[in-house]
Amino acid sequence: MPVLVGNSLSVEDVLAVARGASAGLAPGARERMAASRRIVEERVASNETVYGVTTGIGDLATVRIAPEKARKLQADLLKSHAVGLGPALSEPETRAMLLLRAHVLARGHSGVRPEIVDLLLGMLEHGLHPVVPEQGSLGASGDLAPLAHLALPLIGLGEVVLEGRRLPGAEGMAAAGLAPVELEAKEGLALVNGTQGMLAVGLLTLGRAEALAKAVDVAAAMTIEACLGTDGPFDARLQALRPHPGQAASAANLRALMSGSEIVASHRESAHLVQDAYSLRCAPQVHGAFRDAVAHARRVLEIEIDSVVDNPVVMPDTGEILSGGNFHGQPVANVLDALAAATVSLASISERRLYRLVDPAHSHGLPPFLVEESGVNSGFMLVQYTAASLVSESKSLAHPAAVDSIPSSAGQEDHVSMGMISARHARACVANAEAVVALEAFAAAQGLDFRAPLVPGAGSRAGLAAVRERIAHLAEDREIRTDLEAAVELVRGGTLVGRVELVVGPLG
């Protein structure tokens, strides 16, 4: 069944379409759009003053536009606002943008003709993806520049990617069997006002962050066992005394992952340590705080998906056209900044565990840098360097973009959210954290090898097997670059968690 726009969408709906699922129009949406369109046409015919319909935009809102120039204004808005720079958004991000923009227009408060939404959905259906540069949005009147690039192919301009080929917009539309449209009053403004750029990037990042929350528990369990850590701090009774949901879920995962461990049982009564280091003992607290930040981000982004973020907004029930500020990206910007910061802490504690694995002073009997004949071999020495570099980079990226504001449009738009920058930084922090966690799992597998013949817990054992399917034990130095790439793919592609869940059941 296709995902239907115009009523309500879930995070899972957006992620499904981003990954290739089809989309269509919900029942009743066409009639709602037609009703709101009639109101716009009535205002144009009566030459009433309506922002962006019979006036200019931004600081030019005081400039009256004659009815016969309304069409030209809308096309010119797309041309003048498509000023983005930098790398293009990925195909999944662009697909998410197309879906989200079609959805908000199909809600029936934007005054566009149904044909506009039909064309956006047609682009999704035919795999015709606009080229959308990721830089240039202030996140105030929404993501003006990215959305203008997204919309240009609708009028036969801009660039698109079709079957891997980058083409001029008109050529790509023709190849897909789609005909460009001539925009009517308000339609250009409706296409560029909104938060769908930052929201699309944020939602794809959210999906990765939710998967990462499981992967980091797997890596931590493997490391704790490899370092002869204890499972005592994860006791459910202790966790219940501080009932943060994320902490409880992470601790429950660690208990399940380490269940039945011969390694843990071998030193349970040992006095080798009174307490484990924080990076081992406090894993549920740090991982849980990340989980709670991710859960909060989901709540905010779910609200944003179904929000009407156009301006002005048509009220079909009363016939009014209201001017407001729903396009401002502050709610999305704030939550994505928070997600970026929480992700850095997750990557940081993962790197600290990796450091303990390679340091013989802290690994309780593992060889230096996790390799026989260390000195002749450097082993995992530089693996930890790479992880440390990624964490340091993320600390810079996690500076909250939303605390900045640069006035624009001659002071009319005097406070902006910088939400697209928040989204891009959160995406980068999550990508770096995926790599750090992958390197921890790679090193922990090596450490578990040295604990044989003792058998780790069921989940740790499954994680070790997943790593060993792709990466051989490091007996001596080799070109390790390809091992790192394989480890990252195990985490990023979901294989590590998938293999573990086949053994221990779904992780929380």
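Let's start at one residue, K214. With a relative accessibility of 25%, K214 counts as partly exposed. Keep in mind as you look around that this is a predicted model.

What does the side chain of K214 meet in a salt bridge? Its partner is E501, and the N to O distance is 3.2 Å. Now find the two residues along the chain: E501 sits in helix α20 (residues 495-504), while K214 belongs to helix α9 (residues 196-226). They are 287 residues apart, and the pair links distant parts of the chain. Like its partner, E501 is partly exposed, in its case with a relative accessible area of 23%.

How many salt bridges does the structure hold? There are 25 of them. Another one to look for joins the side chains of E12 and R298, at 2.6 Å from N to O. Here E12 is part of helix α1 (residues 11-18) and R298 is part of helix α14 (residues 283-305), so this salt bridge ties together parts that lie 286 residues apart in sequence. Are the two residues buried or exposed, or in between? E12 is partly exposed, at 42% relative accessible area. R298, by contrast, counts as buried because its relative accessibility is 17%, and the limit for buried is under 20%.

The story of E12 and R298 has a little more to it. Together with E210 and E302, these two residues are linked in a network of salt bridges. If you have the structure open, try showing E12, E210, R298 and E302 at once to see that network.

One more salt bridge deserves a visit, the one between E159 and R166. Their closest N and O atoms are 2.9 Å apart. E159 is partly exposed, with 34% relative accessible area. R166 has 52% relative accessibility and counts as exposed, because the label applies to values over 50%.

Charged side chains can also be found beside rings. R352 lies over the face of Y355, at 4.4 Å from the ring centre.

Next, let's turn to rings that pair with each other. The count comes to one aromatic pair. Its members are F380 and F442, whose ring centres are 4.7 Å apart; the ring planes meet at 50°, so the pair is tilted. F380 is in the loop between α15 and α16, and F442 is in helix α17, so to speak a meeting of distant parts of the chain, 62 residues apart. Both rings belong to buried residues: F380 has a relative accessibility of 0%, and F442 has 1%.

F442 also leads us to our next stop, as it is one of the residues lining the largest cavity. How much space lies in that cavity? The answer is about 40 Å³. The structure holds one cavity of 30 Å³ or more. Besides F442, the lining is made up of A438, A441, V467, I471, A487, L490, V491 and L496. The elements that give two or more residues to this lining are α17 and α19 (481-492). Sorted by class, the lining has nine nonpolar residues, with no polar and no charged ones. Here is a general idea to help you picture how such places are found: rolling a probe the size of a water molecule over the atoms shows where empty space is left.

Finally, let's follow the backbone itself and look for special spots. Which residues are joined by a cis peptide bond with omega of about -5°? They are N311 and P312, and P312 lies in the loop between α14 and β8 (313-315). The peptide bond from A452 to P453 is cis too, with omega near 15°. P453 is found in the loop between α17 (419-450) and α18 (458-470).

Two further residues catch the eye by their phi angles. H364 is not a glycine, yet its phi is positive, about 60°. L370 is not a glycine either, and its phi is also positive at about 60°. H364 has its place in the loop between α15 (330-358) and α16 (381-397), and L370 is in the loop between α15 and α16 as well. How accessible are they? H364 is partly exposed, with a relative accessible area of 28%, whereas L370 is buried at 0%.

Key
Residues numbered from 1 in each chain as written. Predicted model: local features only at pLDDT ≥ 70, side-chain atom pairs only at ≥ 80, totals over all residues. Heavy atoms only, no water. Salt bridge = Lys/Arg side-chain N within 4 Å of Asp/Glu carboxyl O. Helix = DSSP H or I, 4+ residues; strand = E, 2+ residues; numbered from the N terminus. Buried < 20%, exposed > 50% of the residue type's maximum accessible area, 1.4 Å probe, protein only. 1 Å grid on protein atoms, 1.4 Å probe; cavity = no way out; pocket = protein on both sides within 12 Å on 5 of 7 lines; lining within 4 Å. Points joined across faces, edges and corners; volume = space filled by probe spheres on them. Nonpolar A, V, L, I, M, F, W, Y, C, P; charged D, E, K, R; others polar. Phe/Tyr/Trp six-rings, centres within 6.5 Å; stacked < 30°, edge-to-face > 60°. Lys NZ or Arg CZ within 6 Å of the ring centre and 35° of its normal.
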